[in-house]
Amino acid sequence: MSRRRADLIEVRGGTGLPTHFLWHDKVYAVREVLGHWKESGAWWEEVRSAAQARRIAGEALDRTEREVWRVEASPGRCFPAGVYDLTFDRGADRWTLTRTTD
């Protein structure tokens with residue numbers, strides 16, 4: 001079963017990959033990275049008029065880009081693994097757990 005969430009988490013890792021995350025006072029070890037992608041925000045909401053669009057031409061329109069890591073992780077070797085979506089919001093400089101799958 002998949003559940004959407006918006007829980008702030010702490011993420012640790014090396015070489016740009018998440019290796020551990022802290023959620024509900026438990027440290028989860030990442031066993032495998034299942035996927036990695038970037039999501040764009042609603043850039044069209046920032047462009048309110050043609051004049052404004054010309055002013056920001058050449059700039060990155062998306063100020064809300066997020067990086068998502070889908071990982072298989074568990075809080076220990078004796079616990080079954082689950083699938084988690086860890087999202088890094090560049091604008092806010094924070095990690096969020098956005099989805100869990102049992």
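Which residue in strand 5 is the bridge partner of Glu 67? Select Glu 67 in this predicted model and follow the pairing across to strand 5, where the partner is Phe 88.

Next, extend the selection to residues 66–74, which make up strand 4, and to residues 82–89, which make up strand 5. These two strands are antiparallel and are paired through 8 bridges.

Now turn to the pairing of strand 4 with strand 3, and select residues 26–39. Strand 3 and strand 4 also run antiparallel, joined by 9 bridges. Within this pairing, display Val 30 and locate Ala 73 of strand 4, which stands opposite Val 30.

The aromatic side chains come next. Across the whole structure, a search returns 6 aromatic pairs. Show the rings of Phe 21 and Tyr 28: the pair is stacked, because the planes meet at 5°, with the centres 5.0 Å apart. Phe 21 and Tyr 28 are both buried.

Then select Trp 23 and Tyr 84. Their rings form an edge-to-face pair, with 70° between the planes and a centre-to-centre distance of 6.1 Å. Trp 23 belongs to strand 2 (residues 17–23) and Tyr 84 to strand 5, so this pair ties together parts that lie 61 residues apart in sequence. Trp 23 and Tyr 84 are buried as well.

Finally, display Phe 21, Trp 23, Tyr 28 and Tyr 84 together: these residues form one aromatic cluster.

Definitions and conventions. Residues are numbered from 1 along each chain as its sequence is written. This is a predicted model: local features need pLDDT of at least 70, side-chain atom pairs count only at pLDDT 80 or more; totals for chains, interfaces and linings use all residues. Side-chain values use heavy atoms; hydrogens and water are left out. Two strands pair if DSSP finds at least two bridges between them. Helices (H or I, at least four residues) and strands (E, at least two) are DSSP runs, numbered from the N terminus. Rings of Phe, Tyr and Trp (its six-membered ring) pair if their centres lie within 6.5 Å; planes under 30 degrees apart count as stacked, over 60 as edge-to-face and the rest as tilted. Buried means under 20% relative accessible area, exposed over 50%, partly exposed in between (1.4 Å probe, protein chains only).
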